[in-house]
Every structure is written in C-alpha cells, then in structure tokens.
Amino acid sequence: MTAQRFQVGQVAAVTGAARGIGLSIATRLARQGVVSYLLDRDATALASEVERLRAEGLPAHGIALDLTDGAAVGQAFAEIGEAQGALDFLVNNAGVVRDKRFLKMAEEDWDLVVDTNLRAQFLCCKAALPLMLERGFGRIVNLSSRAWLGGFGQANYSAAKGGVVSLTRSLAIEFAAKGITVNAVAPGIVDTPLFRGFDTEVQARLKETVPVKRIGTPDDIANAVEFFLDPASSYVTGQTLYVCGGRSLSSASV
C-alpha cells in the first residue's frame, strides 16, 4: 500500500489520464485524497474512468480536450483554478507515437508527434504555472522517454522527448526560486495498450532487450512520479529519472 504522502485536498492535473500510465498516476493521487483532474482527448474513455473513480468515493474530475489547442488548455486550467483556487501538481503524460523510417516520415507524422508530446507540455506548463506562482508552490513532472537518447525509426518521437528534457531543465532553472520544482521521468517499455497491441513475438523480443528481463508497469512509472511530487523531494529539480529496467545504459531502442 502506498504511504500517505500528500495533504488531503491538494489539487493535481494529469494529462493523457484516460488509460495506461496517466490513469495509474491519477488514481494513485486520488486515493491519497488529492483532488485529481484527468485530462484527455478521449471523452468516452475519460468519462468511464472518472465515473469508476467516483464510485470508489475518490475526488476525481474529467476534462476532455485537445491538449495541443492553446485556447482549450487555457480554459481547462482556468476551470481548475476557479473550482479549486489552486493547483499543486501537474503531470504532463499525454503522448503518441508514429514510428517510421525517416525518409518515409510525412510532415503529418512529425507534426502530430511533436505537437502531442512537446507542444502540449509547453501549453500545460504555461497555463499551470500562474496558478502555482500565486501561492509560491508547485510540482511539475514531465514524461519524457528513454527514446530521447535516439531510436531507429523514431526521429519525431526522440526529438520531441528530447525537447521535453530540455524544457524541464529550463523551467527548473527559471522557477526554482519560486517554490516550484520541475522534473522529468523517462520510461522504457511499459505494459500499456500500445505495447499489448504488438504481436506476441514482438513483445517477447522487446522483453529480451530489457536488462531486468521484464516489461515495466504503469505503477513503476507512477512510483517515480510520486517521488518527484513527494514533499521530501523539495530539493530535487531539473532532473530526469530513467525508469526503463536498464535499457538507457546500453541497449538499442525499439
């Protein structure tokens, strides 16, 4: 059981929270009394998960939106601010992949991946930070990826996730004196709907590339996010934590 780390009534926004890693993070926070806003473009899945969490008596809310739309993002965070009067935590998790060999990669493949994985984080940070600055407190965790180190057929994804690392470091420097920390988590292969969509043979091959010989779980990533949000981590900012079973050390990308 996760130890109680947060104050009941603190407020969090988690993007890409209708499933997988984002849902695991939002659920964990809600179970510790954090008022959790789940943001996702999939309105149907989002409504279903929020209903399930509320049925457990958990403080969960859903906002369906396109996270690459600046006006929609601004409106969503204004809604959170008006309803709660504060925002303590932001977890930028939403992402998408469109892997292709570089010379076969269309502009649309590049734009979709960079917009979803990087532009959305920029927009959410820009909308969330004023709420945090009002009280001189905030914790931001951006989801990067082990793939930011480079990956075959992942020029768009690797570039976007590398941008996340640089964005994290820059914001950490700019807002450190304001009581706000900004860190990144870089997952490796994780058991999500995307991974389960691969052929069994591909799943087995990928598992063998992980030094610890297992696939990560959404809870593995949630553990790392929780570490950065924890009050005990207030002296940690601008860091990228790999949660990849050792793949960042030497193994090739997917």
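Colleague: What volume does the largest cavity have?

Modeller: Start with the general idea: rolling a probe the size of a water molecule over the atoms shows where empty space is left. In this predicted model, the largest cavity comes out at about 30 Å³. Searching the whole structure turns up one cavity of 30 Å³ or more.

Colleague: Which residues line the largest cavity?

Modeller: Its lining is made of Ile25, Arg28, Leu29, Ala222, Val225 and Glu226. Two elements give two or more residues each to that lining, namely α1 (20–30) and α8 (218–229). Sorted by class, the lining has four nonpolar residues, no polar ones and two charged ones.

Colleague: Turning to open space, how much of it lies in the largest pocket?

Modeller: About 1,100 Å³. The pocket is lined by 42 residues, and the closest to its centre are Gly95, Val96, Val97, Tyr157 and Leu194. As for elements, α1, α4, α5 (155–175) and α6 (193–196) each put at least two residues into the lining. The class split here is 19 nonpolar, 14 polar and nine charged.

Colleague: Let's take Val96 from that central group. Where is the place of Val96, and which residues is Val96 in contact with, leaving aside neighbours within four places in sequence?

Modeller: Val96 sits in the loop between β4 (89–92) and α4. With those sequence neighbours set aside, Val96 touches Leu112, Val113, Thr116, Asn117 and Tyr157. Try a distance too: Leu53 is 43 residues from Val96 in sequence, and the two C-alphas are 25 Å apart in space.

Colleague: And how should I read a helix such as α4?

Modeller: Keep the basic geometry in mind: an α-helix has 3.6 residues a turn, so residues three or four places apart point the same way. Now the case here: α4 covers residues 107–133, 27 in number, and its first and last C-alphas are 37 Å apart, close to the expected 39 Å. Check the axis as well, since α4 has a kink of about 40° centred on Asp115.

Colleague: Stepping back to the whole chain, how many helices and strands are there?

Modeller: Eight helices and seven strands. The radius of gyration is 17 Å, close to the 18 Å that the globule rule gives for 254 residues, so the chain is as compact as a globular protein of that length. Along the principal axes, the C-alpha trace spans about 45 × 35 × 35 Å.

How values were computed: Residues numbered from 1 in each chain as written. Predicted model: local features only at pLDDT ≥ 70, side-chain atom pairs only at ≥ 80, totals over all residues. Heavy atoms only, no water. Helix = DSSP H or I, 4+ residues; strand = E, 2+ residues; numbered from the N terminus. Expected span 1.5 Å × (residues − 1). Bend = angle between axes of the 7 residues up to and from the residue. 1 Å grid on protein atoms, 1.4 Å probe; cavity = no way out; pocket = protein on both sides within 12 Å on 5 of 7 lines; lining within 4 Å. Points joined across faces, edges and corners; volume = space filled by probe spheres on them. Nonpolar A, V, L, I, M, F, W, Y, C, P; charged D, E, K, R; others polar. Contact = heavy atoms within 4.5 Å. Rg over C-alpha atoms; globule rule 2.2 N^0.38 Å.
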